[in-house]
Every structure is written in C-alpha cells, then in structure tokens.
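Please open the model in your viewer and keep the sequence panel visible. The tour proceeds by successive selections, each followed by a description of what is found there.

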Amino acid sequence: MCARDGEELVGFVNVAWDGAVHAFLLDTLAAARVRRQGVGTRLVEVAVEHARKAGCDWLHVDFEDHLRGFYFDSCGFRPTQAGLIAL
C-alpha cells in the first residue's frame, strides 16, 4: 500500500502472505516530513483491513527496538515469542 500527498509518495508498506492464514508486514516507511502525523499508522490499519478481508488470521511484524512504541502502542500489535537465525 502507498500513501501519497498529491503526486508525492510519502509512505508505503508491503504485505507478504503465506497462502494460508499468516500475513507479514514488511518495510513500513513514512517520509520524514509526514512522520508523527498518522501516515504510518494509517498504512498499517489499511494493511490489517486487507489481510483480514483476504482471510488471514494473523499479521506478523518484525522491527527494531526503537519502533516498539509505534507497533505496540500506535498499531495494536502484541509481543510474542519468536525465533531468529542470523544469516
């Protein structure tokens, strides 16, 4: 999904899907000049709506620690147990 201010791209988010019930939020980004104005939060809300309509039961997201407030407080994600292998 993309957010535009007129012709200018000011934000985007990608959603990947496993073909079943899991969707994955990737690359959420809002341009510096529109941050803290709800653009990123709205992009995530739209991603949630579309994933739900597509029949997904879960939307996953990974993020750097400094984005915890955005994803947990602003977007409603909950912390979960997860595993990671550095490649």
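The stops below go from the whole chain to the strands, the aromatic rings, a helix and the cysteines.

**Before selecting**

The model is predicted: local features require a pLDDT of at least 70, side-chain atom pairs count only at pLDDT 80 or more, and totals for chains, interfaces and linings use all residues. Residues are numbered from 1 along each chain as its sequence is written, and side-chain values use heavy atoms, with hydrogens and water left out.

**Stop 1: the whole protein**

Select everything and display the C-alpha trace, which spans about 40 × 30 × 25 Å along its principal axes. Colour by secondary structure next: the protein has two helices and four strands, and from the N terminus on the order is β-β-β-α-β-α. These elements are DSSP runs numbered from the N terminus, helices being H or I with at least four residues and strands being E with at least two.

Then switch on the surface. The accessible area amounts to about 6600 Å², and carbon and sulfur atoms hold 52% of it; such areas come from the Shrake-Rupley method with a 1.4 Å probe, and for residues only the protein chains shown count as cover. Of the 87 residues, 26% count as buried. Here buried means under 20% relative accessible area, exposed means over 50%, and partly exposed lies in between (1.4 Å probe, protein chains only).

A contact map may be added at this point, with contact meaning heavy atoms within 4.5 Å. Among contacts with a separation of 6 or more, 46% are between residues 24 or more positions apart.

**Stop 2: the strands β2, β3 and β4**

Select residues 8-17 and 22-30. These are β2 and β3, which run antiparallel and are joined by six bridges; two strands pair if DSSP finds at least two bridges between them. Pick N14 and look across to L26, its bridge partner in β3. At the turn, four residues lie between the two strands of the hairpin, and G19 adopts a positive phi near 85°.

Now add residues 58-61, strand β4. How do β3 and β4 run relative to each other, parallel or antiparallel? They run parallel, with four bridges between them. L25 is the residue to pick here, as V61 of β4 stands opposite.

Extend the selection to helix α1, residues 39-53: β3, α1 and β4 together make a right-handed β-α-β unit. To check the hand, point the strands away from the viewer; a crossover is right-handed if the path from the first strand over the helix to the second runs clockwise.

**Stop 3: the aromatic rings**

Show the side chains of F63, F70, Y71, F72 and F77, which ring pairs link into a cluster. The whole structure contains four aromatic pairs, where rings of Phe, Tyr and Trp (its six-membered ring) pair if their centres lie within 6.5 Å; planes under 30 degrees apart count as stacked, over 60 as edge-to-face and the rest as tilted.

Centre on F63 and F72. This pair is edge-to-face, at 5.3 Å centre to centre and with 80° between the planes. F63 is partly exposed at a relative accessible area of 26%, whereas F72 is buried at 18%. Move on to Y71 and F77, which also form an edge-to-face pair, with centres 5.8 Å apart and planes at 75°. Y71 is buried at 5% relative accessible area, and F77 counts as buried at 14%.

**Stop 4: G40 and T41 in helix α1**

Select G40, which is in α1 and is buried, with a relative accessible area of 11%. Leaving aside residues up to four places away in sequence, G40 touches A30 and F70. Set a C-alpha to C-alpha distance from G40 to S74: these residues are 34 apart in sequence and 9.4 Å apart in space.

T41 also lies in α1 and counts as buried at 17% relative accessibility. With the same sequence neighbours excluded, T41 touches F70, S74 and C75.

**Stop 5: the cysteines**

How many disulfides does a search of the whole structure find? The search finds zero, a disulfide being a pair of cysteine sulfur atoms within 2.5 Å. C56 is in none, and the nearest cysteine sulfur, that of C75, is 17 Å away. C56 is buried, at 11% relative accessible area.

Why does C75 form no bond? Its closest cysteine sulfur is in C2, and the separation of 17 Å is too far for a bond. C75 is buried as well, with a relative accessible area of 19%.
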